[in-house]
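Trainee: I'd like to go through this model and ask how each label is earned. Could you set the numbers against the definitions as we go?

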Amino acid sequence: MSRLARGLCAAGFLAAFMGAAHAQPVTLNVVDVAGNLALTQEALESFAAKNPTLVSRITFTKAPSPELPGKIRAMQAAGRTDIDLVLTGTDALAAGIALSLWEPLLPAHAAKFPNLMDNYLPAARKMQDLSSGQGVMVTYTPAGPLLEYNPDKVKTPPKTPAELLSWCKANPNKLIYARPANSGPGRTFLMGLPYMLGDSNPKDPIAGWDKTWAYLKELNSCIEYYPTGTGAVFKELGEGSRDMTVTMTGWDINPRALGVVPKQFKVAAFNNFTWVDDAHYMVMPKGLPANRQAVVLQLMAFLLQPAQQALTYDAGYFYPGPAVKDVPLTAAPQKSQDVIKEFGRAEYADWITKNPHAQPLEDKALVAAFKKWDQEIGSGKAK
């Protein structure tokens with residue numbers, strides 16, 4: 001290499017170094033398709049406040065999960081990616097994996113997340129496996145399925161699916177649940193039944209759920225209609241037009257804390273049930289410039305710190321919330337402690353520890369289950 005070439009090369013390196021040293025803070029665009037901002041927005045804003053040299057501001061957008069993959073795919077095809085961080089459930093996570101939308105995080109960036117799997121709650125670790133290394137789990141709930149009921153109307157809650165069916169037939173139109181494709185409690189109930197009924201393959205809704213589909217068809221005979229979303233279910237429960245519904249931990253605690261459902265309403269667990277866990281993930285679309293990618297990785301790691309995880313107890317919406325271990329309720333803000341103390345359930349800790357946990361269905365199987373339910377159970381009864 002000539003002296004001139006070496007000089008130009010050195011000058012270029014110096015310019016690059018000086019540019020990096022004086023890099024401007026970036027604006028990050030965060031899109032939430034899972035309702036996760038209720039749990040993490042305070043932590044995200046804290047990161048920006050503590051790192052003004054990295055982040056100038058963070059914008060927050062909420063969007064329907066089914067719309068996001070197509071939008072990101074179009075951005076990437078156009079050579080520009082304006083979304084830096086996506087907060088998602090298993091639905092958009094899986095859709096993005098199938099379309100190769102997400103930046104592979106693990107093991108490529110494992111150094112940013114030291115001891116990641118060891119730091120997760122034992123029951124939550126398998127949920128991280130669903131990400132195929134393209135997402136990092138940020139919040140966790142054992143979900144359900146559970147039963148919620150009005151104790152003035154239901155003196156002895158059902159303990160088995162058979163007892164639930166008997167109660168429903170004896171009290172027609174008093175049991176309600178929402179269309180599983182758009183309801184966390186609805187799909188948790190749908191995915192939990194094969195374990196309780198002893199179906200041949202709880203992971204195969206087409207070939208392995210004979211008992212579940214037969215049961216749901218019989219249960220259908222005493223259910224008036226299926227709302228399209230969970231909020232409508234708890235509104236009817238709270239107003240007294242229904243006496244019982246299927247639920248999950250967060251949908252039990254949060255509506256009672258908000259006054260949608262009376263505080264005194266009770267929750268029952270099925271005998272020998274299996275938790276169908278749920279989680280939210282952080283994913284990063286492919287195509288980000290290196291400077292923004294580096295900041296997003298730091299932000300992700302920040303959200304896994306115990307102090308930020310403690311914020312995810314929130315008002316019980318995704319109870320308990322934290323995905324990492326050693327984050328007790330006592331570490332949460334006082335307002336969260338007060339809500340959980342007043343509206344939480346002492347029995348949850350025992351149920352979470354003693355009952356087995358299963359992952360949700362993978363994407364294709366879940367879509368197949370939704371389609372079959374819509375066609376064979378909900379057809380003509382959606383509202």
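Mentor: Sure. We'll start with what a pocket is: an open set of grid points where a 1.4 Å probe fits, with protein on both sides within 12 Å along at least five of seven lines. Keep in mind that this is a predicted model. Its largest pocket has a volume of about 990 Å³. Of the 37 residues lining that pocket, Ser65, Asp91, Ala181, Asn182 and Arg187 are the closest to its centre.

Trainee: Which helices and strands each supply at least two residues of that lining?

Mentor: Those are helix H4 (90–98), helix H8 (184–197), helix H10 (230–239), strand E9 (275–283) and helix H16 (363–378). E9 gives the most, with five residues.

Trainee: How do the residues in the lining of the largest pocket split by class?

Mentor: There are 20 nonpolar, eleven polar and six charged residues.

Trainee: And what is the volume of the second largest pocket?

Mentor: About 480 Å³. It has 23 lining residues, and Tyr313, Tyr319, Pro320, Ala349 and Ile352 are the closest to its centre. Helix H15 (residues 347–354) provides the largest share of this lining, four residues. By class, the second largest pocket is lined by 17 nonpolar, three polar and three charged residues. Tyr counts as nonpolar in this scheme.

Trainee: On to helix H9. What puts its buried residues on the same side of H9?

Mentor: The buried residues of H9 (residues 210–219) are Thr212, Trp213, Tyr215, Leu216 and Leu219. They cover an arc of only 160 degrees around the axis, so they sit on the same side of H9. The general background is that an α-helix has 3.6 residues a turn, so residues three or four places apart point the same way.

Trainee: What covers the buried residues of H9?

Mentor: The cover includes helix H7 (161–170), strand E6 (175–176), H8 and H16.

Trainee: E6 also shows up in a sheet. What makes E6 an edge strand there?

Mentor: The sheet is open, has four strands in the order E6-E7-E5-E8, and its pairing is mixed. E6 and strand E8 (266–268) are the edge strands, as each pairs on one side only.

Trainee: How do you know that E5 and E8 count as paired?

Mentor: Pairing takes at least two bridges between two strands. Three bridges join E5 (residues 146–149) to E8, and the two run antiparallel, so by that cut-off they are paired. Glu148 stands opposite Val267 in E8.

Trainee: Glu148 also touches Asp243, I think. Why is Asp243 called buried?

Mentor: Buried means under 20% relative accessible area. Asp243 has 6% relative accessibility, so it counts as buried. Asp243 is in the loop between H10 and strand E7 (244–247). Leaving aside neighbours within four places in sequence, Asp243 is in contact with Glu148, Tyr149, Asn150, Lys153, Val154, Trp167, Lys174 and Leu237.

Trainee: How do you know that Leu303 is buried?

Mentor: Leu303 has a relative accessible area of 2%, so the same test makes it buried. Leu303 belongs to helix H12 (residues 290–303). Not counting residues up to four places away in sequence, Leu303 touches Ala43, Leu44, Val138, Met282, Gln308 and Gln309.

Trainee: Two asparagines got flagged. What makes Asn173 and Asn272 stand out?

Mentor: Asn173 has phi near 70 degrees, a positive value in a residue other than glycine. Asn272 has a positive phi of about 50 degrees, and it is not a glycine either. Asn173 is in the loop between H7 and E6, while Asn272 lies in the loop between E8 and E9.

Trainee: Why is Asn173 called partly exposed, and why is Asn272 called exposed?

Mentor: Exposed means over 50%, and partly exposed covers what lies between that and the 20% limit for buried. Asn173 has 32% relative accessibility, so it counts as partly exposed. Asn272 has 72%, so it counts as exposed.

Trainee: Last one. Where are the peptide bonds called cis?

Mentor: One joins Leu106 and Pro107, with omega about 5 degrees. Pro107 is in the loop between H4 and helix H5 (116–119). Another runs from Gly144 to Pro145, with omega near 10 degrees. Pro145 lies in the loop between strand E4 (136–144) and E5.

How values were computed:
Residues numbered from 1 in each chain as written. Predicted model: local features only at pLDDT ≥ 70, side-chain atom pairs only at ≥ 80, totals over all residues. Heavy atoms only, no water. 1 Å grid on protein atoms, 1.4 Å probe; cavity = no way out; pocket = protein on both sides within 12 Å on 5 of 7 lines; lining within 4 Å. Points joined across faces, edges and corners; volume = space filled by probe spheres on them. Buried < 20%, exposed > 50% of the residue type's maximum accessible area, 1.4 Å probe, protein only. Arc of directions from axis to C-beta. Contact = heavy atoms within 4.5 Å.
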